[in-house]
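Q: Please take one part of this model and go through it closely. I am in my first year, so explain each term when it comes up.

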Amino acid sequence: MSAIENSTLAIVGAGSVGTATAYAAMIRGSARHVRLYDIDAARVEAEVLDLAHGSQFTGASDIDGGADLKHVEGADVVVITAGAKQHPGQTRLDLAGTNVDILRSMLPKLLERAPDAVFVLVTNPCDVLTVAAQQITGLPSSRVFSSGTVLDTARLRWKLAQRAGVAQSSVHAHIVGEHGDTEFPLWSAASIGVTPLLEWQRNGLRVFDAEELETLSEDVRNAAYKVIAGKGATNYAIGLSAARIVEAVLGDEHAILPVSSVLDGFLDIHGVALSIPTVVSAGGVQPVTTTPFAENEAQALRDSARALAKVQSSLGI
C-alpha cells in the first residue's frame with residue numbers, strides 16, 4: 001500500500017499507543033507525512049528519532065515530531081492517544097474524569113492548528129470522550145469520532161475465523177455499543193461468507209451454538225484486560241486499528257467500520273456516542289442507520305447508552 005498523496009497524519013501522544021499508531025501508519029503507508037506530538041520533549045524526540053532511522057523501509061515518506069504544536073499544523077487527520085493509562089483492574093470508564101479534563105485543555109489548541117482536520121479519539125473511555133470532544137470543539141459529529149469497537153470487532157473475527165477454519169476476511173460480524181463492558185456482538189447479522197453463523201459447518205458438523213457464541217463474546221469483552229494484566233498495555237492491535245481508520249478517511253474509501261460517533265435518534269438514542277456500522281470517508285463518518293438490530297440487540301444498545309449517559313451526567317457533559 002502506498003502512502004496517500006500529500007496527506008498528513010498527526011498523532012497526539014507518544015506513549016505506547018501513539019507510537020504503535022505511528023509505526024503502523026508508517027509500515028502500512030497510511031499517510032504521506034506522519035507527525036508525532038507530545039508534551040514530553042525527551043520522550044517524543046527519542047521516539048521520532050527511532051522511527052526515522054527505519055523510515056527508508058516504510059511506505060511513509062517522512063516522520064517528524066516533537067513537543068511543539070507546530071507539528072500538528074495543517075494535519076488532515078489528528079489521532080488523539082494522549083491521556084491517563086488504564087491499569088490492571090481498572091475499567092475504561094474509571095479514566096473518564098481525568099481524560100475529559102485533558103481534552104478540555106488540549107483540543108482548542110489542536111483545533112486552532114488543524115482547523116480542517118478529522119479528529120479520531122483513541123484515548124479511553126473513547127465513547128465518553130467523543131461526546132466531550134464534540135462539545136469542546138463545536139465540530140459536527142461527522143468530524144469527531146473514536147476508534148470505537150473496530151479493534152473489538154477484529155478480535156471477534158479472529159476468534160470466529162479460528163473456530164470456523166476460514167480466513168478472517170470471510171467473517172462478517174461486528175461488535176457494537178460501548179467500547180467497554182457493555183459491548184456486544186451483532187449476532188443476528190453475523191455470517192461466514194453468506195452462510196449465517198449458526199449454520200456454518202466444519203467436517204459435516206455445526207461449529208457454533210448459543211453457548212459457544214456467549215463464550216466468544218465474553219472472551220472479546222475481556223481481551224484487553226488479559227493483555228493489560230500480562231504486559232501493562234494494549235498497543236500493537238489498537239495502533240493497527242487506528243491506522244486502518246486513518247486510511248479510510250484519507251483515501252475517501254467510504255469503508256464501513258464500527259467506529260463510535262454521537263448518535264442522534266438511532267433506536268431513540270440521543271447525545272451518546274456508540275459504535276454501529278458506519279461509513280468512513282474524507283468527510284468523516286456517517287452511521288448506517290438502516291443497520292438491522294434484533295429486538296434484544298436494540299435493547300442491549302439502549303442499555304449501553306444508559307450506562308454511558310450516567311457517566312456523562314456525572315462529568316457534566
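A: The following text looks at where the domains meet, and then at salt bridges elsewhere in the chain.

The model is predicted, so local features need pLDDT of at least 70 and side-chain atom pairs count only at pLDDT 80 or more, while totals for chains, interfaces and linings use all residues. Residues are numbered from 1 along each chain as its sequence is written, and side-chain values use heavy atoms, with hydrogens and water left out.

The chain is split into domain 1, residues 8–146, and domain 2, residues 150–314; these bounds come from an automatic or database domain assignment. Taken over C-alpha atoms, the centres of domain 1 and domain 2 are 23 Å apart.

Where the domains meet, 37 residues of domain 1 are in contact with 40 residues of domain 2 (contact means heavy atoms within 4.5 Å). About 3000 Å² is buried between domain 1 and domain 2, and carbon and sulfur atoms give 68% of this area. Buried area is the accessible area, found with a 1.4 Å probe, that two parts lose on being put together, summed over both.

Polar pairs also cross between the domains. Six residue pairs, both residues at pLDDT 80 or more, are in polar contact between domain 1 and domain 2. A polar contact is a pair of N or O atoms within 3.5 Å; within protein, one must be able to donate a hydrogen and the other to accept it, and residues adjacent in sequence count only if both atoms are side-chain atoms.

Which elements give two or more residues to the side of domain 1 that touches domain 2? They are helix 1 (16–28), strand 4 (77–80), strand 5 (118–121), helix 4 (126–137) and strand 6 (144–146). Helices (H or I, at least four residues) and strands (E, at least two) are DSSP runs, numbered from the N terminus. Helix 1 gives the most to this side, with seven residues. By type, the residues on this side of domain 1 are 18 nonpolar, 13 polar and six charged. Here Ala, Val, Leu, Ile, Met, Phe, Trp, Tyr, Cys and Pro count as nonpolar, Asp, Glu, Lys and Arg as charged, and the others, Gly among them, as polar.

Val-128 is a residue of helix 4. Is Val-128 buried or exposed? Val-128 is buried, because its relative accessible area is 0%. Buried means under 20% relative accessible area, exposed over 50%, and partly exposed in between (1.4 Å probe, protein chains only). Leaving out residues up to four places away in sequence, Val-128 touches Leu-93, Val-100, Leu-308, Val-311, Gln-312, Leu-315 and Ile-317. Leu-93 is 35 residues from Val-128 along the chain, yet their C-alpha atoms are separated by 8.2 Å.

Next come the charged pairs. Side chains of opposite charge can pair when their charged atoms come close. A salt bridge is a side-chain nitrogen of Lys or Arg within 4 Å of a carboxyl oxygen of Asp or Glu. Between domain 1 and domain 2 the count is one salt bridge. The side chains of Glu-247 and Arg-28 form a salt bridge, with 2.7 Å from N to O. Arg-28 and Glu-247 also belong to a network of salt bridges with Arg-244 and Glu-253.

By the salt-bridge rule, the count comes to 14. One of the pairs is Arg-35 with Asp-62, whose side chains meet at 2.6 Å, N to O. This pair links distant parts of the chain, with Arg-35 in strand 2 (residues 33–37) and Asp-62 in strand 3 (residues 62–66), 27 residues apart. Arg-35 counts as buried because its relative accessible area is 16%, whereas Asp-62, at 21%, is partly exposed.

Other salt bridges lie within a helix. In helix 2 (residues 41–53), Glu-47 and Arg-43 are four residues apart, about one turn of the helix, and their side chains meet at 2.9 Å, N to O. Glu-47 is buried, at 18% relative accessibility, and Arg-43 is partly exposed, at 37%. In helix 6 (residues 210–231), Glu-218 and Arg-221 are three residues apart, again about one turn of the helix, and their salt bridge spans 2.7 Å, N to O. Glu-218 is partly exposed, at 34% relative accessibility, while Arg-221 is buried, at 14%.
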